[in-house]
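Here is a short briefing on one protein model. Read it alongside the sequence and the 3D view.

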Amino acid sequence: MSRAERILEHVIVEPGTPASLATRDAGWLGGEDYEHLSKQALEAEARRVLARDVEQLSQAQALLWASDSRALLVVFQAMDAAGKDSAIGHVMSGVNPQGVQVVGFKQPSSEELDHTFLWRIAKAAPERGRIGIFNRSHYEEVVALRVHPEWLAQQRLPTGPDTPGFWEGRYEDINAFERHLDRNGTKVVKFFLHVSRDEQKRRFLARLDDPRREWTFNADDVAERERLDEYVSAYEDALTATSTPWAPWYVIPADEKWFTQALVAAILVQTIDGLGLEWPQVAPGAHEANVAARRRLEAEPVTAPR
């Protein structure tokens, strides 16, 4: 098994197995393969790999766009201050903006509440040739709402969270929805950025200490932090139930952003490469026409420079 395969094996939630968030180290930096490196050297290596994979992702996205046969949906979930925005910004920094769409789902509108919880998610799924990024997603429906079941009242459902099998039913709906996307050409890959309680606190305080970043802090996040154990439990159940062969979950250690970003980029490159895409072929007869057009271009007189 290669070093890359060992890292992948460590972070994936194998379908049918527990996510085991409580035993996963948010500060993990690659394990034994990198123990001989100092943290400074490891960071330098991670940044080198990130730069390489950002370039490769740019090329992979160009092929995805040109082939116009598949799409990629990337789901990011995390506790507050885990680094979702910075991961998206750094990893996607080299791609053509025309081929990427980032969607952040906020509180549902009255129209959205009149539909099923997956209605607005399906509307936002990327079309063929594009990369769609969900910065938070349909998984809020089985995480945030599980911690705050009172929010479900707005959906006016025939059954509520106290009904046996309610949450399991939602997991089934999500799995079926993602299977539908996969069968129709949209590859789904899901990242849970796993940040420790101590690192989250440090990042919250850093925002409050910096006048230029204080606007990014929400005092309500501290109240949610006090329910961290409930959120971890909800994520544990959701990731365990919805990591599937067609839409796997990756639990990405998030205490060091440079490691998070390098790992996310590597997995995305591998995912697109695994789609077996090919560049479009020239239509019958078009090549001859192109050769003729080339001859005409080459036959044009050379104009003198001004």
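Strand 5 and strand 6 run parallel and share five bridges. Across that pairing, F191 stands opposite Y250 in strand 6. The model is predicted, and the points below are grouped by topic.

**Strand 5 and its neighbours**
- On the strand 2 side, eight bridges join strand 2 to strand 5, again in the parallel sense.
- V74 has V189 in strand 5 as its bridge partner.
- Strand 5 is mostly covered, with nine of its nine residues buried.
- Burial holds on both faces of strand 5. One side carries T186, V188, K190, F192 and H194. The other carries K187, V189, F191 and L193.

**The sheet as a whole**
- The sheet is open, with six strands in the order 1-6-5-2-4-3 and mixed pairing.
- Its edges are strand 1 (12-13) and strand 3 (100-103), each of which pairs on one side only.
- Strand 3 runs parallel to strand 4 (residues 131-135), and four bridges join them.
- One contact point in that pairing is V100, whose bridge partner in strand 4 is I131.

**Helices on the sheet**
- Helix 3 (residues 84-91) packs on the sheet. It touches strand 2 (71-78), strand 3, strand 4 and strand 5 (186-194).
- The direction of helix 3 makes about 150 degrees with that of strand 2.
- Helix 10 (residues 228-242) lies across strand 1, strand 2, strand 5 and strand 6 (249-253). Relative to strand 6, helix 10 runs at about 135 degrees.

**Helix 2**
- Helix 2 (residues 39-67) has 29 residues.
- From first C-alpha to last, helix 2 reaches 41 Å, close to the 42 Å expected at 1.5 Å a residue.
- D68, just after helix 2, takes a positive phi of about 55 degrees.

**Aromatic pairs**
- The structure holds nine aromatic pairs.
- W28 and F259 have ring centres 6.0 Å apart and planes at 80 degrees, so this pair is edge-to-face.
- The W28 and F259 pair links distant parts of the chain, 231 residues apart. W28 sits in the loop between strand 1 and helix 2, and F259 in helix 11 (residues 257-273).
- W28 counts as buried because its relative accessibility is 14%, under the 20% cut-off. F259 is buried too, at 7%.
- F192 and Y235 form a tilted pair, with 4.5 Å centre to centre and 45 degrees between the planes.
- That pair also links distant parts of the chain: F192 is in strand 5 and Y235 in helix 10, 43 residues apart.
- Both F192 and Y235 are buried.
- W28, W258 and F259 form one aromatic cluster.

**Charges over rings**
- R170 places its charged end over the ring of F117, 4.3 Å from the ring centre.
- R179 does so over the ring of W246, with its charged end 4.4 Å from the centre.

**A144**
- A144 lies in helix 6 (residues 144-147).
- Is A144 buried or exposed? A144 is buried, since its relative accessible area is 7%.
- Leaving aside residues up to four places away in sequence, A144 touches W151 and Y231.
- A144 and D114 are 30 residues apart in sequence, and their C-alpha atoms are 20 Å apart in space.

Conventions
Residues are numbered from 1 along each chain as its sequence is written. This is a predicted model: local features need pLDDT of at least 70, side-chain atom pairs count only at pLDDT 80 or more; totals for chains, interfaces and linings use all residues. Side-chain values use heavy atoms; hydrogens and water are left out. Two strands pair if DSSP finds at least two bridges between them. Helices (H or I, at least four residues) and strands (E, at least two) are DSSP runs, numbered from the N terminus. Contact means heavy atoms within 4.5 Å. Axes are lines fitted to C-alpha atoms, for helices over the stretch in contact, and angles run from 0 to 180 degrees between N-to-C directions. The expected span of a helix is 1.5 Å times one less than its number of residues. Rings of Phe, Tyr and Trp (its six-membered ring) pair if their centres lie within 6.5 Å; planes under 30 degrees apart count as stacked, over 60 as edge-to-face and the rest as tilted. Buried means under 20% relative accessible area, exposed over 50%, partly exposed in between (1.4 Å probe, protein chains only). A charge sits over a ring if NZ of Lys or CZ of Arg is within 6 Å of the ring centre and within 35 degrees of the ring normal.
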